[in-house]
Number of protein chains: 2
Amino acid sequence: MKKLINKPEYVVEDMIAGMVAAHPEYLRKLDAGNILVRKNAPIKGKVALVSGGGSGHEPSHAGYLGKGMLDGAVAGAVFTSPTPDQVYEAIKAVDSGEGVLLVIKNYTGDVMNFDMAKEMAEMEEIKVESVIVNDDVAVENSTYTAGRRGIAGTVFVHKIAGAKAEKGASLKEVKAVAEKVIDNVRSMGMALSSCIVPAAGKANFSLGEDEVEIGMGIHGEPGTHRETIKTADEITEHLVNRILEDMKPEEGSEVAVMVNGLSGTPLMELYIVNKKVNEILTSKGIKVYKTFVGEFMTSLEMAGCSVSILKLDDELKELLDAPADTPALKLL
Amino acid sequence: MKKLINKPEYVVEDMIAGMVAAHPEYLRKLDAGNILVRKNAPIKGKVALVSGGGSGHEPSHAGYLGKGMLDGAVAGAVFTSPTPDQVYEAIKAVDSGEGVLLVIKNYTGDVMNFDMAKEMAEMEEIKVESVIVNDDVAVENSTYTAGRRGIAGTVFVHKIAGAKAEKGASLKEVKAVAEKVIDNVRSMGMALSSCIVPAAGKANFSLGEDEVEIGMGIHGEPGTHRETIKTADEITEHLVNRILEDMKPEEGSEVAVMVNGLSGTPLMELYIVNKKVNEILTSKGIKVYKTFVGEFMTSLEMAGCSVSILKLDDELKELLDAPADTPALKLL
């Protein structure tokens, strides 16, 4: 295991200390464990958003703390759900009285622990609602999941529901738009290499020298199949077609695209993937309204990418375009 | 070689097509080769900045096209200088009559070809000045370099000289502040793995399973030494101490920090490095004014990082804080 870390058991603490040192204008750490909140939280009159999950997906989720996105981000151990206590502390710290929306990726541990935290907070008279993101069309049910997994499409939920909250919408309205995003976003990924959980010290699976896995999850969960690597165009075509088969957008639809790097893949290759995504959509009469290319939801050092497509309407376009100011995503 | 590409000989063209598809609001491609310019260039009354170099360092340089940074970015083949013709075309396309500053990283091919382009443009009565960035303190002279290499500190030159130009400063003033940044920025990097130039198809060097190279260049040029991997704290201490020995900042100095990923290293590890950078500087009475953690100047899929430190004065602080709006760096 060759990593820039100190002790494997302190990677999350060290990372969070490094985030606080880098971004004091955006975020602060709560005393109670690995919880980061927006610097000026709770924000009076505003519904708060809390997300989180296992660490190892940075910049998700603490990189999205700030204006127009999240108020709280809870970091579990690497690829491990945070505890209910942690989520509960985050809820308490960010609630201004207007209520809190939990954005949960669909993994069994996360769903259970965020739900328990919701109950704990409700006993203290805090209004809490939750949504579960399940954008990954690759497989139904998986290693840690009943139903579909939540992956990079989650960042669209943060962006759009965060913008709605920033405009002063009610908890009910913020939840409704988060659900609209979830209904309209689909993703699928692929991996060129595995990754090493620091505490394990070795890769949890391995791929042959010319082998890739299609539909792989962001914790290395199995995908649909393995195959000998093809061209970027062929791989992209497979991912986009699977998404479109599920989404069934009409000709003339407008979409947002996210080409997300899992971490080990250079930006050059993500742009090469985006070229083909754009060509396919354009050829089908689907209009690309906005494109994001970069690392938004990673898997430690795994090489590979995911493609997310979000079908837009006027409300979603306006909220996607609204200003955001966070360490990892800024829109002017 | 496992990469998300089509044909190795088209990686730059495909990438540029993917960038244009992703960022039409920021940039456009010239007909003449792999040259991207700010969408609305030339901008009346504004000095223009042109940078570039071999591809494989994305988001450098085209990711910095936009308000408050670059007007032109010229992309050579992977790790290969662009031609004088390409640079000349970029200069012609972005000059508004106020002149053009070339920001060149100190590699022999780049320096030669940008200089030839400067002469070609001067024959057409375009005012051109140039600066050469040589921030890497690791080694004097190197595989492709006489003197020190230019690495991630170059992004501070783009940011600050770009902000000066945006404010309407003259070519002489923009050049002067670029030189001030170059005088005050120092960097040093290290690699945990090699990278594969697509056209070569195999790694140009290899490291042992527990081996890292300290002071490695962004094209895999040799560093100061190889060693068995140490903790992130120890590695960071070595890099920062080498920078500070060269820079000799007084106690009470203010600096900007950039912890730059070479591409294969997860953001988690970059933040772990930043924790120690911040601790060292703080312990020496040096104030960290602003921190950037991410991938700014990469080396294909190489794992590793560099640390850059820029000593600030009031002018540099103001220009560093000025708004920028580019695909890869936004400041509100």
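## Exercises on a predicted two-chain model

Pro42(B) is placed in the loop between β2 (35-38) and β3 (48-55) of chain B, where strands (E, at least two residues) and helices (H or I, at least four residues) are DSSP runs, numbered from the N terminus. The model is predicted, and local features need pLDDT of at least 70, side-chain atom pairs count only at pLDDT 80 or more, while totals for chains, interfaces and linings use all residues. Residues are numbered from 1 along each chain as its sequence is written, chains are lettered from A in the order in which they are written, and side-chain values use heavy atoms, with hydrogens and water left out.

### Exercise 1. Describe the backbone at Pro42(B), His61(B) and Lys248(A).

Step 1. The peptide bond that leads from Ala41(B) to Pro42(B) is cis, with omega near 0 degrees.

Step 2. Ser60(B) and His61(B) are also joined by a cis peptide bond, with omega about 5 degrees, and His61(B) is found in the loop between β3 and β4 (72-78) of chain B.

Step 3. Lys248(A), which is not a glycine, has a positive phi of about 50 degrees, and Lys248(A) lies in the loop between α6 and β10 (254-261) of chain A.

### Exercise 2. Work out how domain 1 and domain 2 of chain A meet.

Step 1. Chain A is divided into domain 1 (10-183) and domain 2 (185-331), with bounds that come from an automatic or database domain assignment. The centres of domain 1 and domain 2 of chain A, taken over C-alpha atoms, are separated by 21 Å.

Step 2. In contact (heavy atoms within 4.5 Å) are 48 residues of domain 1 of chain A and 49 residues of domain 2 of chain A.

Step 3. Between them these domains of chain A bury about 4,100 Å², 66% of it on carbon and sulfur atoms; buried area is the accessible area (1.4 Å probe) that two parts lose on being put together, summed over both. Phe79(A), Phe156(A) and Lys159(A) supply 16% of the area that domain 1 of chain A buries against domain 2 of chain A, more than any other three residues.

Step 4. The rule finds 5 salt bridges across this domain interface, a salt bridge being a side-chain nitrogen of Lys or Arg within 4 Å of a carboxyl oxygen of Asp or Glu. Glu315(A) forms a salt bridge with Lys180(A), and their closest N and O atoms are 2.6 Å apart.

Step 5. On the side of domain 1 of chain A that touches domain 2 of chain A, α4 (154-166) and α5 (171-184) of chain A each supply at least two residues, and α4(A) gives the most, with 7 residues.

### Exercise 3. Describe the interface between chain A and chain B.

Step 1. The contact takes 56 residues from chain A and 56 residues from chain B.

Step 2. About 4,800 Å² is buried between chain A and chain B, with 65% of it on carbon and sulfur atoms. Of the area that chain A buries against chain B, 20% is supplied by Lys2(A), Leu4(A) and Met268(A), more than by any other three residues.

Step 3. The count of salt bridges between chain A and chain B is 2. Lys275(B) forms a salt bridge with Asp14(A), where the closest N and O atoms are 3.8 Å apart.

Step 4. Several elements of chain A give two or more residues to the side that touches chain B, among them α1 (11-22), α6 (232-247) and α7 (267-283), and the largest share, 9 residues, comes from α7(A).
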